[in-house]
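Dear colleague,

Please find below the structure that I am handing over to you. My account of what was found in it follows directly after.

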Amino acid sequence: MAKMNQNRVKSSEIEFKDRVVSIQRVTKVTKGGRTFSFSAVIVVGNENGVVGYGLGKANEVTAAIAKGIDDAKKHLIHVPINKGTLPHEQIGKYSGARVFVKPASQGTGVIAGGAMRAVLESVGIKDVLAKSKGSSNPHSVVKATINALSQLRDAHTVAEMRGVSLNKVFNG
């Protein structure tokens, strides 16, 4: 089994940009009537290899977004980026969502749908081909994308794990 990329990052050291992926109005029906509240899925990243996601729930949209940002800063991962793209292809899964991300040549841009695009742009990837399969639920797609990115490994990590030189990784 491949070693997961678990380079946790402390949020206090980095300046983040946040993106709102989705905001849902949810209703709780009680004896006295309907109670409305909001849930927000937020992605934060420094656009230089660090990304995280969070879920915030509150009675007002702004409070839900603020809670989501705080939650996202607690779930940060470091992603290896190679010249503005990914080091290799990867599949990510979460619940019913399946995502496929593939490195692209320079100048391609981010070819990805809504929730995936927010995650990939937040991490700082400039050129990537991506496909979302299965569930289109933004919560699941964001988590599947983060899952795929967390499994990425750069050549130095692979060489270190195998105990061989960097040239042997490429020339095999």
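Strands β5 and β6 run antiparallel and are joined by five bridges. Within this pairing, Ile91 has Phe100 of β6 as its bridge partner. I should say at once that the model is predicted, and that the values quoted in this message are all computed from it.

The two strands belong to an open sheet of four strands with the order β5-β6-β8-β7, in which the pairing is mixed. At its edges are β5 (90-94) and β7 (110-111), each of which pairs on one side only. Two helices pack on this sheet. Helix α2 touches β6, β7 and β8, and its direction makes about 145° with that of β8. Helix α3 touches β5, β6 and β8, and its direction makes about 140° with that of β5.

The other sheet that I would bring to your attention is also open. Its four strands follow the order β1-β2-β3-β4, with antiparallel pairing. Here the edge strands are β1 (17-30) and β4 (76-78), each paired on one side only. From one strand to the next, the twist averages 15°. Strand β3, which covers residues 50-58, pairs with β4 in the antiparallel sense over three bridges, and Val51 stands opposite Ile77 in β4. Helix α1 (residues 61-72) lies across β1, β2, β3 and β4 and runs at about 145° to β3. Helix α3 packs on this sheet as well: it touches β1, β2, β3 and β4, and its direction makes about 155° with that of β3. Helix α3 therefore deserves attention when you view the model, because it packs on the sheet of β1, β2, β3 and β4 and also on the sheet that contains β5, β6 and β8, while its own residue Ser150 is buried at a relative accessible area of 5%.

Is Ile77 buried or exposed in its place in strand β4? Ile77 counts as buried, because its relative accessibility is 6%, which is under the 20% that sets the limit for burial. The C-alpha atoms of Ile77 and Lys143 are separated by 12 Å, although the two residues are 66 apart along the chain.

The next topic is the packing of nonpolar residues. The largest nonpolar core has 26 residues, of which Val51, Val101, Leu120 and Leu149 touch the most other members. At least two residues of this core come from each of β2 (33-45), β6 (97-103), α2 (114-123), β8 (128-134) and α3 (138-150). Helix α3 gives the most, with six residues. Apart from this core lies another, of 12 residues, which includes Ala40, Val50, Ile69 and Leu76.

Which residues are in contact with Leu120, once its neighbours within four places in sequence are left aside? They are Val101, Val110, Ala112, Ile125, Val128, Ala130, Thr145 and Leu149. Helix α2 is mostly covered, with seven of its 10 residues buried. The buried residues in α2 are Ala115, Met116, Ala118, Val119, Leu120, Ser122 and Val123. Just after α2, Gly124 takes a positive phi of about 100°.

A polar residue in helix α3 also merits a look. Ser150 lies in that helix, and the side chain of Ser150 reaches the backbone oxygen of Asn147 at 2.8 Å. Ser150 counts as buried because its relative accessible area is 5%, again under 20%.

Finally, some values for the protein chain as a whole. There are five helices and eight strands, and along the sequence they follow the pattern β-β-β-α-β-β-β-β-α-β-α-α-α. Taken along the principal axes, the C-alpha atoms fill a box of roughly 70 × 35 × 35 Å. The protein chain has 172 residues, of which 36% count as buried. Among contacts between residues at least 6 apart in sequence, 58% join residues at least 24 apart. The protein chain exposes about 9,900 Å², and carbon and sulfur atoms supply 49% of that area.

With kind regards

Key:
Residues numbered from 1 in each chain as written. Predicted model: local features only at pLDDT ≥ 70, side-chain atom pairs only at ≥ 80, totals over all residues. Heavy atoms only, no water. Core = buried A, V, L, I, M, F, W, Y, C linked by side-chain atoms within 4.5 Å. Buried < 20%, exposed > 50% of the residue type's maximum accessible area, 1.4 Å probe, protein only. Contact = heavy atoms within 4.5 Å. Polar contact = N/O pair within 3.5 Å; in protein donor to acceptor, adjacent residues only side chain to side chain. Pairing = 2+ DSSP bridges. Axes fitted to C-alpha atoms, helices over the stretch in contact; angles between N-to-C directions. Areas by Shrake-Rupley, 256 points an atom, 1.4 Å probe, with all protein chains shown as cover.
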